[in-house]
Amino acid sequence: QVQLVESGGGLVQAGGSLRLSCRASGRTFSFYVMGWFRQAPGKEREFVAAISKSGSDTSYADSVKGRFTISRDNAKNTVYLQMTSLKPEDTAVYYCAAKNAAFSGSNYYTSSSKQYDYWGQGTQVTVST
């Protein structure tokens, strides 16, 4: 069982930056592919970014490519989402997710929410104009 706790959300003006953190419980964080998803009011949850177990490979939604950066520190059991040049359309609840990939290649990741095993409670990001 893995518990995920997000932090770092808040209110920011358009053009600003925020860094989200997600800390995982347990001793096998390095076995997990990590992802960030978001859900805006009235919309379905959507993929934002994912990172492989080792951190060597990453993937981004087209809408955030070039503005957001996902990274991880396996020694701290933490994954980060650095968000820059924020836009009002980035307003959403952001969720951290983990997928057990112990038997997958080191460069494996997935953007499919259905593939993830564990989810955090979410953190609100609001971008004002």
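In this predicted model, Cys-22 has a relative accessibility of 0% and is therefore classed as buried. The same class applies to Cys-96, because its relative accessibility is 0%. A disulfide joins Cys-22 to Cys-96, with the sulfur atoms 2.1 Å apart. Cys-22 lies in strand 3 (residues 18-24) and Cys-96 in strand 9, so that distant parts of the chain, 74 residues apart, are linked by the pair. The angle about the S-S bond is -75°, and the link of Cys-22 and Cys-96 is left-handed. The count of disulfides comes to 1.

A buried charged residue is found in strand 7 (residues 68-73), namely Arg-72. No salt bridge is formed by Arg-72; the nearest side chain of opposite charge is that of Asp-73, at 8.3 Å. The 8.3 Å separation is beyond the cut-off, because a salt bridge requires a side-chain nitrogen within 4 Å of a carboxyl oxygen. Instead, the side chain of Arg-72 places a polar atom 2.8 Å from the backbone oxygen of Tyr-32. The backbone oxygen of Ser-52 is likewise reached by the Arg-72 side chain, at 2.8 Å. Apart from neighbours within four places in sequence, residues in contact with Arg-72 include Phe-29, Val-33, Met-34, Ile-51, Lys-53, Thr-78 and Val-79, as well as Tyr-32 and Ser-52.

Gln-115 is located in the loop between strand 9 (92-100) and strand 10 (118-119). Its relative accessible area is 35%, so Gln-115 is classed as partly exposed. Beyond residues up to four places away in sequence, Gln-115 touches Lys-99 and Thr-110. Gln-115 and Lys-99 are separated by 16 residues in sequence, and their C-alpha atoms are 6.7 Å apart.

Methods:
Residues numbered from 1 in each chain as written. Predicted model: local features only at pLDDT ≥ 70, side-chain atom pairs only at ≥ 80, totals over all residues. Heavy atoms only, no water. Helix = DSSP H or I, 4+ residues; strand = E, 2+ residues; numbered from the N terminus. Buried < 20%, exposed > 50% of the residue type's maximum accessible area, 1.4 Å probe, protein only. Lys, Arg positive; Asp, Glu negative; His and termini not counted. Polar contact = N/O pair within 3.5 Å; in protein donor to acceptor, adjacent residues only side chain to side chain. Contact = heavy atoms within 4.5 Å. Disulfide = S-S within 2.5 Å.
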